[in-house]
Amino acid sequence: MRSRRSMRALVALVAALGFLVPLIAATPTAYDGEPQFVTNPVEYVDTLVGTGRGGEIVGEINNFPGASMPFGMVQYSPDTPGNYAGYDFQNPRSTGFSMTHASVGCAAFGDISMLPTTSAVGAQPWRATERIAHDDTESGMPGYYTVRFPSSGVTAELTATTRTGFGRFSYPRDGRPATFRVRSGASLAGNSRSTIQIGADSTTITGWATSGGFCGKNNTYTVYFAMQFSQPFTSYGTWDGAAVYPGSRTADSPYSGGYVEFPAGSVLEVRTAISYVGIDGARANLAAEGAAGFDDVRAASAATWNAALSRIAVAGRDHGHVVTFYSCLYRSLLHPNTFNDVDGRYLGFDNTIHAVTQGHTQYANFSDWDTYRSLAALQGLLFPEQASDMAQSLVNDAEQSGSLPRWALANSATGMMSGDNVVPLIVNLYAFGAKDFDTKTALRYMVHAATQGGVGLNGYVERPGVATYQELGYAPQAVDFGTNGRFAGASITLEWSLDDFTISRFADSLGDAKTAAEFQRRAQNWQNVFNPSTRYISPRSPIGFFAPGPGFKDTPDGFGQDGYDEGNAEQYLWWVPQNIGGLITALGGRKAVADRLDGFTKKLNVGPNEPYLWVGNEPGFGVPWLYNYVGQPWKTQRTVDRVRGLFSPTPDGAPGNDDLGALSSWYVWAALGLYPIIPGTSILTVNTPLFDRAIIALPGGKSIRISAPGATAPSRMKYISGLRIDGRATEQTFLPDSIIRTGGDVAFTLSGRPNKSWGTAPSSAPPSFGAGSSAVTVNVVRPIIGIAPGATGTVRLDMQRMIADAGDYVVTGSSAIDGVTVTPASGEFGEDGAAAVDVEIAVARSVPDDYYLTYLTTTVGHSARSSVVLVVVIDLAE
């Protein structure tokens with residue numbers, strides 16, 4: 001697929017860029033045959049991995065292969081036409097190279113496009129493409145990318161600093177002019193405005209472009225650029241999307257662009273800096289970061305990446321696994337992105353210029369719904385300093401706009417996806433090591449949104465409908481709880497329950513016991529949408545009714561089931577990470593849950609409409625580890641390994657859209673044998689590691705040292721038969737949460753066959769946080785009943801015990817009119833915690849024809865559930 005070249009790092013230059021951090025702990029003494037640790041991880045990163053397509057379900061994986069720095073402002077990379085995130089390895093045409101990219105699910109970025117060519121300008125250069133060679137001449141590694149355009153004969157090489165892209169373009173010596181086209185109006189989501197200015201000095205081009213409209217939202221941003229050529233151009237011109245103007249230096253149009261020409265056979269070096277503040281900011285960024293030569297910048301970038309990737313050292317015999325691992329780790333460190341210029345200035349959410357404190361960075365582009373589950377934990381653990389700045393950046397955004405931004409893109413809150421996911425993003429960064437930010441202000445904004453809604457700018461509300469949610473205890477199927485063209489009350493309730501749990505944990509860590517207790521109670525609101533009749537988490541109407549029929553409903557023509565955001569009832573059932581123990585009780589116990597998981601994981605990546613795991617989408621990320629909760633950890637080990645098998649070191653080697661590193665970070669954790677199973681906590685549950693040894697570097701010279709001899713043996717040992725933490729044997733399927741601070745030895749003993757005794761006891765399961773739970777959930781199967789005056793009717797109540805050993809149930813009732821009465825009922829739950837009872841409702845002869853609301857109260861222990869029955873009184877004899 002590509003050639004590989006080794007490089008030597010220029011450490012001094014890297015130090016000047018301010019990112020080099022010494023990383024790896026000392027290597028343990030090896031025994032004979034033990035694989036050695038990777039010492040130069042950039043050699044194992046292939047940036048073309050995951051740049052293709054994953055089949056009908058997966059579609060475009062959306063990674064970009066070009067040059068970038070860790071969390072850099074610039075992602076200098078090729079584009080192919082018709083691909084909304086920029087690049088597809090299977091696409092044989094290219095529009096050139098642009099300065100910004102992200103692995104997103106809608107058109108975004110691709111700003112400031114440039115195409116080196118030997119073709120004539122023609123009548124419509126804004127539509128021009130070139131054939132791109134996806135062969136051995138196309139190569140990508142951290143900080144460097146090269147490709148050849150066969151028709152024009154141009155070879156392109158790209159490298160980058162944090163805020164600049166550096167291109168070296170070698171034109172053929174065949175007499176054809178060396179032309180360089182710049183499309184200022186070429187952003188992937190389109191442009192509302194753009195301009196280009198070709199410099200009178202014949203060596204510079206400047207301009208800007210305004211884009212936005214992410215996934216149909218109303219966000220906008222403007223990116224400015226300054227471009228410097230290594231030699232003067234000999235001719236030039238511009239276009240505006242309607243015509244070409246030779247000899248013109250300016251164009252101002254949504255489709256603006258320009259071209260410059262150089263002598264045939266030129267080797268042209270082009271430095272381009274961007275800024276979100278202004279052209280002067282771009283010029284300053286160029287002056288600060290654009291002085292070194294191409295090869296020096298490339299080497300410095302490689303050294304920076306080597307330092308970053310070396311935070312985790314692995315030792316394994318399978319070269320493909322090592323390449324996949326470090327390529328995924330690389331993807332996990334591309335976003336969010338530096339947003340401030342070298343002088344600290346950045347454009348705030350209030351559209352005014354702010355300055356970040358010296359020594360810190362303002363970050364942008366947080367796809368929080370995607371990244372809070374696994375990426376935030378990884379970044380907090382490996383880069384606590386940068387992660388602290390990420391959290392502070394979001395607090396800064398809130399201070400400027402009035403609320404924390406959901407799915408922040410540039411300096412706007414897009415509000416994309418459901419849930420208040422910026423909250424668990426911040427809390428997960430904090431839980432895994434990011435402590436240096438304004439935590440009290442962060443908590444204040446979290447609580448404000450959870451209680452008042454969190455009104456921001458331009459119509460953005462962090463939690464729309466929160467007043468209704470607080471009144472009902474769930475998000476009903478109503479307008480305020482719509483997303484992506486459908487109501488998503490069930491999944492929003494699950495997300496907000498988890499969001500509130502993370503607020504509780506955050507408040508507790510900050511010493512705010514009152515807030516912690518209140519939000520721990522709210523963390524159990526998921527129980528309010530658990531339907532005991534179907535044993536699914538299901539959407540409810542504003543008056544409390546569940547829809548009749550089965551919990552899972554096939555919707556082959558849609559993108560998921562009504563009530564859920566990008567998924568269905570079977571897939572969202574498992575998203576209660578804060579209280580898996582409570583979910584197990586609700587579903588009938590450990591055996592019932594294990595059997596249900598067996599059926600659910602028969603297929604691994606089915607998309608949003610089938611009742612199986614869709615591991616390529618974020619709500620399913622934690623499912624393989626749920627077997628650790630039900631006494632069958634060997635099935636976690638087997639299922640994780642099956643999912644890892646969906647990844648490979650190829651362009652098509654990922655099971656879904658990478659979503660700014662979300663999917664890649666899943667693989668990093670899974671390969672290490674660990675997973676952050678409960679957002680808001682630092683609890684890591686375990687599976688079989690993919691490598692014989694791994695070292696995770698922690699601050700202060702500490703480290704987590706993982707050993708799993710036999711993991712990469714010729715006959716792989718896929719199952720855990722024992723675990724020792726710092727030399728002490730443990731049956732627990734999770735690590736002590738202190739290990740991310742203190743470090744320690746995690747020693748797995750592996751076997752070739754499932755060990756069905758280790759980690760199987762109830763006490764071996766990771767913790768569940770059930771405080772504040774209700775003891776029972778209730779559903780009235782047919783909540784509308786017709787009863788004639790002087791007659792009696794019955795309604796059936798299905799119940800499910802939500803707390804083990806909660807006691808028996810009692811059902812009582814009342815109505816707004818004296819003539820409608822309810823006969824009390826009581827009974828015991830079955831072994832699986834379920835119960836059903838027919839409740840009699842009597843209507844006196846004196847009651848006139850009308851509609852009467854009748855309220856049933858089901859009491860179990862100290863918990864009481866209220867249900868509504870609509871009694872329709874009608875005298876059929878009349």
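This briefing walks through a few sheets, helices, contacts and one disulfide of the structure above. The model is a predicted one, so please read it in that light. A good place to start is an open sheet of 9 strands with antiparallel pairing. From there we move to the helices that pack on that sheet, to the disulfide between Cys106 and Cys215, and to a hairpin formed by β33 and β34.

**The nine-strand sheet**

- The strands of this open sheet follow the order β7-β8-β9-β10-β19-β14-β13-β12-β17.
- At its edges you will find β7 (139–141) and β17 (250–252), each of which pairs on one side only.
- On average, neighbouring strands of the sheet are turned by 15° against each other, direction ignored.
- At the β7 edge, 3 bridges connect β7 with strand β8 (residues 144–149) in the antiparallel sense, and Met141 stands opposite Tyr144 in β8.

**Helices against the sheet**

- Helix α4 (residues 294–309) packs on the sheet, where it touches β7, β8, β9 (154–160), β10 and β19. The direction of α4 makes about 50° with that of β9.
- Helix α3 (residues 279–289) lies across four strands: β10 (164–170), β13 (204–212), β14 (220–229) and β19 (267–275). Relative to β19, α3 runs at about 125°.

**An annotated region**

- An unreviewed UniProt entry carries the annotation "domain: Glycosyl hydrolase family 92 N-terminal" for residues 44–275.
- In the model, residues 44–275 are 2% helix and 43% strand, and the end C-alpha atoms of the span lie 32 Å apart.

**The disulfide**

- The structure holds 1 disulfide, and it joins Cys106 to Cys215 with an S to S distance of 1.9 Å.
- Distant parts of the chain are linked by this pair, with the two positions 109 residues apart: Cys106 sits in the loop between β4 (96–98) and β5 (113–117), and Cys215 in the loop between β13 and β14.
- The link of Cys106 and Cys215 is right-handed, with 110° about the S-S bond.
- Cys215 has a relative accessible area of 24%, so it counts as partly exposed.

**Buried and partly exposed residues**

- Tyr330 belongs to helix α5 (residues 319–331). Its relative accessible area is 0%, so Tyr330 is buried.
- Leaving aside residues up to four places away in sequence, Tyr330 touches Val45, Thr47, Gly66, Pro142, Trp305 and Leu309.
- Tyr330 and Ala299 are 31 residues apart in sequence, and their C-alpha atoms are 17 Å apart in space.
- Cys328 is also a buried residue, because its relative accessibility is 6%.
- Ala478 lies in the loop between α11 (466–472) and β27 (482–483). With a relative accessibility of 23%, Ala478 is partly exposed because it passes the 20% limit for buried residues.
- Ala478 is 273 residues from Ile205 in sequence, and the two are 51 Å apart in space, C-alpha to C-alpha.

**A hairpin and its parallel neighbour**

- Strands β33 (residues 693–697) and β34 (residues 703–707) run antiparallel and are joined by 5 bridges. Within this pairing, Ile696 stands opposite Ile704 in β34.
- The two strands form a hairpin with 5 residues between them, and Gly700 in the turn has a positive phi of about 70°.
- β34 also pairs with strand β37 (residues 744–751), this time in the parallel sense over 4 bridges. Here Ser707 stands opposite Ala747 in β37.

Definitions and conventions:
Residues are numbered from 1 along each chain as its sequence is written. This is a predicted model: local features need pLDDT of at least 70, side-chain atom pairs count only at pLDDT 80 or more; totals for chains, interfaces and linings use all residues. Side-chain values use heavy atoms; hydrogens and water are left out. Two strands pair if DSSP finds at least two bridges between them. Axes are lines fitted to C-alpha atoms, for helices over the stretch in contact, and angles run from 0 to 180 degrees between N-to-C directions. Contact means heavy atoms within 4.5 Å. UniProt positions are given in the numbering used here, feature names are shortened, and annotations may be inferred rather than shown by experiment. Buried means under 20% relative accessible area, exposed over 50%, partly exposed in between (1.4 Å probe, protein chains only). A disulfide is a pair of cysteine sulfur atoms within 2.5 Å.
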